[in-house]
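Grab a pencil and let's work through some charged side chains together. Each exercise comes with a worked solution.

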Amino acid sequence: YVLSFSNKGTLLSRNEYSRDTLNGPQYFYQRDGKLKKLQTLKMGVLDGLQQKYGTNGKMLESGSYVSGKKDGVFMWYYTNGKVASEYIYVLGSIEGKVAFFHEEGGMKSSTIYQGNKRNGAYLEYDKENRKVVEGSYVDDLKNGKWLYYDEEGTVVRKERFKKGVQR
């Protein structure tokens, strides 16, 4: 492995090599010595765990790669450490439920992805976990009935879409 240091002698990175190519875990540090980023490479290509950290030392992003493509659950975090969003990737393509969260906690919105496009139910919630929007997507376009709710859960607006065009 190869270590790199700042002018003041602070460790900035620790990189592993195999046959002159980055291979294995790679560590990058902030000037104060806290971990900034961890990534795993296989012969120069992202393959394995990657994590990024903020200046406060809390994780900002976490996920895994296979042959340079995002694969598995990826999570992004607010600076307070709470989950901001969660995506599921299959070899670089967003697949399955994608969720966004309020900074204080609780679901903000969720939708279903197929082939990197929104395809399925969409739900949105306020900070008190009350449903405020309900609809669906087909090929990344609003489709079908969309409902909008007030704080009491009463439908206050209805919209219909076909392939993204309001009807």
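Some vocabulary to begin with: buried means under 20% relative accessible area, exposed means over 50%, and partly exposed is in between (1.4 Å probe, protein chains only). You're looking at a predicted model, where local features need pLDDT of at least 70, side-chain atom pairs count only at pLDDT 80 or more, and totals for chains, interfaces and linings use all residues. Residues are numbered from 1 along each chain as its sequence is written, and side-chain values use heavy atoms, with hydrogens and water left out.

**Exercise 1.** Find the salt-bridge partner of arginine 118, and say how accessible each of the two residues is.

*Solution.*
Step 1: Know the rule: a salt bridge needs a side-chain nitrogen of Lys or Arg within 4 Å of a carboxyl oxygen of Asp or Glu.
Step 2: Apply it: arginine 118 pairs with aspartate 140, with the closest N and O atoms 2.9 Å apart.
Step 3: Check accessibility: arginine 118 is partly exposed at 25%, and aspartate 140 is partly exposed at 31%.

**Exercise 2.** Work out whether aspartate 126 is buried or exposed, and which residue it pairs with.

*Solution.*
Step 1: Aspartate 126 has 16% relative accessibility, so it counts as buried.
Step 2: Its salt-bridge partner is arginine 130, at 2.9 Å between the closest N and O atoms.
Step 3: Arginine 130 is partly exposed, at 28%.
Step 4: Zoom out: Asp126, Glu128 and Arg130 are linked in a network of salt bridges.

**Exercise 3.** How many salt bridges does the structure hold?

*Solution.* Count them up and you get nine. One of them joins lysine 52 and glutamate 61 (3.8 Å, N to O).
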